[in-house]
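Student: I have a structure to look at and I am new to it. Could you show me how to read its backbone features and its sheet?

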Amino acid sequence: MAQATDIQRRYGKTQRVDRWWIEPALFGGGLLAFVIYSTVSALILGNSWHFEAGPYLSPFFEPLIKPGWVPEWISPAVFILWAPLGFRTTCYYYRRTYYRSFFMSPPGCAVTEPAKSYSGESKFPFILQNAHRLFLYVALVFIPILWYGALKAFWLDGEGLGVGVGSLILTANAFLLMMYTLSCHSLRHLIGGGLDCFSCSNYTRTRRKAWDILSLANEHHKGWAWASLISVGLADLYVHLVANGVLTDLNTWSNF
Amino acid sequence: MPKAHLKVWRGDDSGQYVEYDVEYEEGMVVLDVVHRLQATQAGDLAIRWNCKAGKCGSCSAEINGKPKLQCMTRMGTFIDGETITIAPLKTFPIIRDLVTDVSWNYRVAETMPELKLSGPDASGHRRMQQIDIDREQEFRKCIECYICQDVCHVIRDHPENQGNFAGPRFFVQLANVAMHPLDQNPKSATVAHGFGLDYCNITKCCTDVCPEGIHITDNAIIPLKERRVDEYYDPIRAIGRKLFGKK
Ligand code: SF4
Ligand code: SF4
Ligand code: FES
Ligand code: FES
C-alpha cells in the first residue's frame with residue numbers, strides 16, 4: 001500500500017502530457033450511447049415500436065420468438081438479447097474498454113487509478129468473465145440465424161425475389177456480426193491456439209491453417225467489434241424507421 | 001544548436017526534480033542528452049545503460065510520464081524548448097536518480113517453471129518443426145527492460161499484489177513454456193493460480209509500451225487465460241474429463 005501513495009506523493013497522478021483521456025472518453029461514450037439506444041429501442045419500446053417491415057426484421061429480434069403467454073408489454077427482444085449482451089460483456093476487447101472507461105482501472109496507462117484495492121478478475125463478479133467461451137458457443141449458433149434473416153430480406157411474400165436498401169443493410173450487418181464472432185480470442189484458442197504441436201498430424205496441421213486465418217481476423221477484433229456494434233444499431237434503426245413509416249425503403253418490389 | 005529543457009529526478013525516495021538546459025544535436029536520443037548532462041553539468045548523475053541500441057533493456061525510464069527506453073526515444077519527437085521530464089521507473093524502489101532496484105523481477109523469475117524437454121529421438125537429436133515454434137519466436141524477443149512490469153497497474157497502483165502476480169514480462173515467459181512443442185510440464189504448471197493471471201484485466205498497457213513490439217496481451221496473456229479456462233472454468237470440458245478420463 002505504502003508505495004502506491006508514494007508514487008502519487010512523489011510524482012502526482014500522472015506526468016503524461018498527451019491527451020490520454022480522449023481515448024477512454026470517446027470509446028466509453030460510444031458504448032454508453034449504444035447501451036442507451038438498444039435498451040430504449042429493443043426493451044423499453046419493444047412491441048409498441050414496430051420492428052418488422054415487409055421482409056425485414058430488426059436484428060435485435062432475430063429470430064422472432066413470440067409465444068402467446070407472454071404479455072404484450074414484454075419485448076420479444078428479451079429472448080434474444082441476453083446472448084449478444086453476455087457475449088459482448090465478457091469479450092476481451094470490450095472488457096479492456098469498459099475497465100478503462102467506466103471502472104478507471106486504469107483510466108490510462110501510467111495514470112494512477114482511483115481504487116484503493118484491486119483483485120482484477122480473480123474474484124466475484126469479474127471471475128465470471130471466464131464464461132466468455134460459453135457465450136461464444138451461443139454466438140456461433142446466431143451466425144446462421146442472422147444470415148437466414150439477411151437472406152429472408154430478399155424475399156417478399158406474394159412477390160418473390162427482390163432487393164431493397166434494407167436487404168443490403170441486413171446482409172452487411174450479418175457479415176460484420178459474423179466477422180466479430182470469428183475474430184474472437186476464445187475461438188482462436190479453440191480452433192488451434194490451445195495446441196502445442198501443430199505438426200503432429202494432418203488434423204493438427206489443418207487446425208494450424210485455421211488458426212492462421214482466424215489470427216488475421218483476430219488482429220482486428222477491435223475494428224470488427226465497433227463495426228458490428230454500429231451496424232447492428234443502424235440496421236435496427238433503419239428497420240424501425242421503415243416499419244413506422246418515417247422512411248420509405250428503396251426496392252425492386254411493387255407493393256412494399 | 002537546439003536546447004532541451006530537462007526535468008530530471010535527483011536523489012532517492014525523498015529526492016526532487018532538478019531542471020537543466022542541455023544543448024543537443026539533430027539525430028540524438030534522450031540517452032545522449034542525459035549523457036551530455038552528466039558530462040557537463042551533473043557529474044554525479046546515476047543512470048543505467050549499456051548498449052544504446054534498444055537491446056540490453058537497461059535504460060528504461062519514464063519520459064514525460066510514459067515508460068520508455070531512453071536510447072530509443074528520439075529528440076526529434078519533442079518540440080524545441082519543450083520541457084522533458086525524466087523519472088526513474090516509478091513502480092520500483094529508487095536507488096538513486098534514474099536507477100531503480102528491479103530485483104523483485106529476479107525473485108519472480110525464480111518461481112517460473114523450467115522447460116522439461118522430452119528426450120532426444122533415435123538419432124540423438126531433439127527436433128522441432130518451424131510451424132511449432134514460430135509462434136514462440138515473438139516471445140524470445142523480450143529484452144527484460146521491465147517497462148511492461150512498470151506500467152502494469154496491478155502492481156504499479158497496488159504494490160500489495162506483488163506477492164500474487166508475476167506480471168506481463170513473466171506471462172510472456174510462461175506462454176513460451178506453455179506452447180513449447182517438446183515441453184513435458186503438465187498443462188497446469190503454466191497457468192497455476194499463483195502467477196496471478198486472473199489479476200490481469202487485459203487493459204493492454206504492457207502491449208502499448210513494449211519496445212520490442214511483443215503482443216503481450218493478445219499472444220501471451222489471453223492464450224494463457226484461455227488455457228486457464230480449459231483447466232479450471234469450462235464446465236463442458238470438466239464433464240468430458242469425467243466421462244472420458246483426463247485429456
Ligand atoms: S494487460 Fe494485464 S498484464 Fe498487461 S498491463 Fe494490463 S493488467 Fe498488466
Ligand atoms: S515483454 Fe517487452 S516490455 Fe516487457 S520486459 Fe520484455 S521487452 Fe520489455
Ligand atoms: S474476445 Fe471479443 S468476442 Fe471473444
Ligand atoms: S541502453 Fe540498452 S536498451 Fe537502452
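Tutor: We will go through some peptide bonds, some backbone angles and then a sheet, keeping in mind that this is a predicted model.

Student: Let us begin with the peptide bonds, then: which residues does the cis bond with omega near -5 degrees join?

Tutor: That cis bond runs from A:Glu62 to A:Pro63, and A:Pro63 itself sits in the loop between β2 (56-57) and α3 (78-89) of chain A. A second cis bond, with omega near 0 degrees, leads from A:Ser105 to A:Pro106, where A:Pro106 belongs to the loop between α4 (92-101) and α5 (132-152) of chain A.

Student: What is the phi of A:Met104, and where along chain A does this residue lie?

Tutor: A:Met104 has a phi of about 50 degrees, which is positive although the residue is not a glycine, and its place is the loop between α4 and α5 of chain A. With a relative accessible area of 40%, A:Met104 is partly exposed, because that class lies between the buried cut-off of under 20% and the exposed one of over 50%.

Student: And what should I notice about B:Lys204?

Tutor: B:Lys204 is a residue other than glycine with a positive phi, near 70 degrees, and it is found in the loop between α6 (168-178) and α7 (205-209) of chain B. Its relative accessibility is 23%, so B:Lys204 also counts as partly exposed.

Student: Now the sheet: in what order do the 5 strands of the open sheet in chain B stand?

Tutor: The general idea is that strands of a sheet pair through backbone hydrogen bonds, either parallel or antiparallel. In chain B the order is β2-β1-β5-β3-β4, and the pairing in this open sheet is mixed. The edges are taken by β2 (16-23) and β4 (66-69) of chain B, each of which has a single partner strand, so one side of each is left without a neighbour in the sheet. From one strand to the next, the twist averages 35 degrees.

Student: How many bridges join β3 and β4 of chain B?

Tutor: Strand β3 (residues 60-63) of chain B pairs with β4(B) over 4 bridges, in the antiparallel sense, and within this pair B:Glu62 stands opposite B:Pro67 of β4(B).

Student: Which strands does helix α1 of chain B lie across?

Tutor: Helix α1 (residues 30-40) of chain B lies across β1 (3-10), β2, β3 and β5 (83-87) of that chain, and the helix runs at about 95 degrees to β2(B).

Terms used
Residues numbered from 1 in each chain as written. Chains lettered and ligands numbered in written order. Predicted model: local features only at pLDDT ≥ 70, side-chain atom pairs only at ≥ 80, totals over all residues. Heavy atoms only, no water. Helix = DSSP H or I, 4+ residues; strand = E, 2+ residues; numbered from the N terminus. Buried < 20%, exposed > 50% of the residue type's maximum accessible area, 1.4 Å probe, protein only. Pairing = 2+ DSSP bridges. Axes fitted to C-alpha atoms, helices over the stretch in contact; angles between N-to-C directions. Contact = heavy atoms within 4.5 Å.
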